[in-house]
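Open the model in your viewer and keep the selection panel handy. We will go from stop to stop, choosing what to select and looking at what is there.

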Amino acid sequence: MDSIRIQGGVALQGKVRIQGSKNAALPILAATLLTGESSLIKNCPRIADVYAMVSLLKGIGCTVNWQENGLCIDASSVNCEELGAEAVTCMRSSLCLLGALIGRCGRISMEHPGGCVIGQRPIDLHIGALRQMGVEFREEEGRLMAEADKLCGAHISLPFPSVGATENVVLAAVLAEGETVLEGAALEPEITALCQYLKNCGAEIEGVGTGRLVIRGGRRLYGTDFPVPADRIVAGTYLFGCIGAGGSVFLEDAPWEEMGAVLELAERMGGRLCISKEGIYVQAPGRPRAVECIETAPYPGFPTDLQSMALAVAALADGESRIKETIFENRFRVVEELRRMGAQIEEQDGSMVLVHGVKSLHGASVEARELRGGAALVVAGLMAQGETTVTGCKFIYRGYENICRDFRELGARVTSA
Ligand code: UD1
């Protein structure tokens, strides 16, 4: 099941329900460790990254079971602080176990975390912040070891609103002694979901949704049921799929409140949107419109995770578009593959591309090299005339439950093989 075949050129039509969010689910699963009790995480997406997290949690002693409506994690007996190497190196989000396990056990030993090959992805901000809370780090035979005799609240200021570093500070701070003030915290909705889960467990966190979080640590936390919010990146992927391929679709449960910058771009590219509390209805009447400049930015800016999809759509637009990537340096690996489909894209420097929209793309054999770039190739396949085969789809399954089924529900001719 490593490749996806698409017969493109068919306008999309119909309704698809948006799955639970990968980037919200993973830190919440890590956070269940802090309770020492059972939590039922509802609407948890069935994706490869969640399976990797489940294997890490089982490896340290949790009992984890899928139920009809979610994932039940019993964290009453965590008996090991060493994380299995394989799951850690294939998934960047394993990094949130750093804060969670230090909070729970006071120590952790793990490989350097992996994830998509979209840049250097250093972890200095995580380490610097946790050091301020009394954590000592050392490296032994390539493994990262962290230990805290006593985890203490601290006044921390992040020089960049790193999503992962914010999550780690929150996770460590809820069981630390005293108060943690985190300035420059990331504003991403996935942080809000994590804080909300922890608050429902009994944690005291103020300033949720702002760049200044105040966490009063040391409270006893209880297990709880919690629903994972819908995935704004998956919703955005299908939204751009419709704008690129044309048609009209309803994205049921799409979290439109969190998608301001995405919806704005979708409209500028020619989408007609109608928002209701049930989701987003999008109509794409013709060829997409070019946009002068698309620039990624931390939330509430345009998300780096949807840059490749916007790029695919711009490839077919009626003019020139510029796309600037400001978060990760390797996010243009998809360019070479889009060129195989007839796209005309000039790389101006490592962080900017100039897209000369063409009238039509043609099907080709292309390779997914990372999660979001891979999904963008499926979108491009829908937009192209003829057959496209995307290989390397294991990356796509890290974040999309069933991208083939979802696009098929929208009338596309997509199969996995
Ligand atoms: C990032 C995205 C997030 C997305 C996730 C998954 C942003 C701001 N963050 O989160 O929306 O859901 O990828 O694809 O768009 N950095 C450092 N040192 C660190 C940590 C980060 O220099 O210790 C740099 C990174 O190299 C990168 C930037 O900060 O340039 C963003 O990092 P961060 O927000 O931490 O990334 P993720 O948590 O992986």
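Start with α5 (124-132), which gives the most to the shell around the ligand, with 3 residues. Helices here are DSSP runs of H or I with at least four residues, strands are runs of E with at least two, and both are numbered from the N terminus. Now add α6 (163-173): α5 and α6 are the elements that give two or more residues to this shell. Before going further, note that this is a predicted model, where local features need pLDDT of at least 70 and side-chain atom pairs count only at pLDDT 80 or more, while totals for chains, interfaces and linings use all residues. Residues are numbered from 1 along each chain as its sequence is written, and side-chain values use heavy atoms, leaving out hydrogens and water.

Next, select everything near the ligand, that is, residues with a heavy atom within 4 Å of it. Of the 18 residues around the ligand, the nearest are Arg121, Asp124, Leu125, Ser162 and Ile327.

Which residues should you zoom in on for polar contacts (N or O pairs within 3.5 Å)? Show the side chain of Ser162, where an N or O atom is 2.5 Å from a ligand oxygen. The side chain of Asn23 also has an N or O atom 2.8 Å from an oxygen of the ligand. For Val163, turn on the backbone: one of its N or O atoms there lies 2.8 Å from a ligand oxygen. The protein covers 86% of the 720 Å² of accessible area (Shrake-Rupley, 1.4 Å probe) that the ligand has on its own.

Now leave the ligand and select strand β3 (residues 38-42). Five is the count to look for on one side: 5 bridges join β3 to β5 (residues 70-74), and these strands run antiparallel. Strands count as paired if DSSP finds at least two bridges between them. Pick Leu40 and you will find Cys72 as its bridge partner in β5. With β13 (residues 225-227), β3 runs parallel, joined by 3 bridges. Here, Ile41 stands opposite Phe226.

Follow the chain into the loop between β3 and α2 (48-59), where Asn43 is placed. Is the phi of Asn43 positive or negative? It is positive, near 55°, in a residue other than glycine.

For the last stop, select Pro300, in the loop between β17 (293-295) and α10 (307-314). The peptide bond from Tyr299 to Pro300 is cis, with omega near 10°. Most residues other than glycine have a negative phi, and most peptide bonds are trans.

Note on methods: A polar contact is a pair of N or O atoms within 3.5 Å; within protein, one must be able to donate a hydrogen and the other to accept it, and residues adjacent in sequence count only if both atoms are side-chain atoms.
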